[in-house]
Every structure is written in C-alpha cells, then in structure tokens.
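Reader: I have a model open and want the reasoning behind its labels. Can we go through some of them, one by one?

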Amino acid sequence: MDYSFLSTLKIFEGISPDEIKHLLPCLKWHVQKYKKGDFIFNAGEIIDEIGVILSGNVNVEAYDLLGNRNVFGRSSTGEVVAVSYSFTPNEPLIVNVIADSDVEMLFIDVNKTVYVCSASCQFHSRLVSNLLNIIANSNLSLSRRSLHTSHKSIRGKLISYLSYQVIKNGANEFNIPFDREQLAGYLNVERSALSNELGKMKKEGLIDFKKNHFIIKQEAMELSV
C-alpha cells in the first residue's frame, strides 16, 4: 500500500503516511479492483463500508421503471462514493455506483471510523472531521444538480450547469466530466434533444465545444447573470 499517495487524498488530509499506516488496521480495510461496467454498489443494497477511489472513474446513476437513465454524479481518483448511505443504517441505496473505467477501490468499515479506538489517536479524530467535510460537499453536489434540473427548458438547464462550470473552473474554457449521454442523464433530458440544443447555442454564437471541451462566449455569460 502506498501510504504517501493515501496522504494526498481528502479523506486522509492532514494525516501523515506513517499515521495512515497505523490507522488503516483499525479500519478493517480491503482493496478491490473492477473493470469498466462493473457494479461497485447496487441499488437496493445496504452498505456499511466507505468506498475510496484509488484510481479510475465511477458514475452514480439510476434507472426508472421505463428504463430512463439518470446520472446523479461522477467521481474520480481520490473521491469517496455513497458516503451518506454508509452512515445511514438500514437505508437501501436508490442508485447504482458503476465503474466507468478500470477502477481500484479502498473500502473501510464505517463503524470503525465512527467509534474511535481506545487509543483515541489524534489522526483518527482528523479522519472523522474529514468525513464530515466530504459528506457536506456530497450534499452540496446533489443540491447543485437539483438547481440545474429545476429549469423547465433544456437551454435553462444547460446555462445553469455551464455557468457553474465557469465559476468552478474560474474560466470560460473548460472540460466537463461527462460525455453527451452522461450529461443528458445528469440534466434529466433526452440525449437527442440535448444535442440539438447544444447545436443551436453553438450556431447562435453562445458557446463552442468539441466533445467534452467547452468555450463559453460573452453573450452566454450575460444570459447567466
């Protein structure tokens, strides 16, 4: 295990490699690898482990009774998935967590994080603090998606999402983490309708794009104000 690498992850922020080496045995940890398309967590499953992505990307998504795909988010190396569910006893997942590439995951027992060991080590307390911060950011991410999808028109959803990307990246040129199908699922619209609207916005000079690389023009920036 590369403890120096682990010390760069948000969940272990402020904890030295040597401290992580002593901490992990207290957490009942294990590592597992997945291929693209593998299910890491399944809807309906009750989980009691925290999953940390050591490498790769995963999507959090669900399908309704009609087979429509909804993408709730995408996580990559260093991020924690389904953390709120792991801290909620007997609450089944309503989403699937699926590998979007080859993925390596570190799992730790949630109960071992909540109940600090008898030594009450300072770095264990820091781990709990980091997890609280991660849960707060996870909830904010869901709130942002609700804000984007609350708009009635596809253009409104796109302007809301792209405006946030401008703020997040601090620039009007950036890459988004989704392909077209994933973006359609995230914004809860049909892929063909999304592509048509993007084409219209490009023709009107509001945006330019190639695959997942976007440039937001001044006219679009004014629309978002």
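Reader: What makes Asn 196 and Lys 203 of H8 exposed rather than buried?
Author: This is a predicted model, and the label is computed. Exposed means over 50% relative accessible area. Asn 196 and Lys 203 are both exposed, so each is over that cut-off.

Reader: Which residues of H8 are buried?
Author: Leu 194, Glu 197, Leu 198 and Met 201. Buried means under 20% relative accessible area.

Reader: How do you know that the buried residues line one face of the helix?
Author: Look down the axis of H8. The buried residues fall within an arc of 100°, so they line one face. Asn 196 and Lys 203 are on the other side.

Reader: What covers the buried residues of H8?
Author: The cover includes helices H6 (154-169) and H7 (180-187), plus strands E10 (207-210) and E11 (213-216).

Reader: How do you know that the span of H8 agrees with its number of residues?
Author: H8 has 13 residues, 191-203. At 1.5 Å a residue it should span 18 Å. The end C-alpha atoms are 18 Å apart, so the two values agree.

Reader: Why are E10 and E11 called paired?
Author: Pairing needs at least two bridges. E10 and E11 have four, in the antiparallel sense, so they pair. One bridge joins Ile 207 to Ile 216 in E11.

Reader: What makes E9 and E11 a pair?
Author: Strand E9 (residues 173-175) shares three antiparallel bridges with E11. At least two are needed, so this is a pair. Glu 173 stands opposite Ile 215.

Reader: Which face of E11 is covered?
Author: The one with Phe 214 and Ile 216. His 213 and Ile 215 form the uncovered face. In a regular strand, side chains alternate between the two faces of the sheet.

Methods:
Residues numbered from 1 in each chain as written. Predicted model: local features only at pLDDT ≥ 70, side-chain atom pairs only at ≥ 80, totals over all residues. Heavy atoms only, no water. Helix = DSSP H or I, 4+ residues; strand = E, 2+ residues; numbered from the N terminus. Expected span 1.5 Å × (residues − 1). Buried < 20%, exposed > 50% of the residue type's maximum accessible area, 1.4 Å probe, protein only. Arc of directions from axis to C-beta. Contact = heavy atoms within 4.5 Å.
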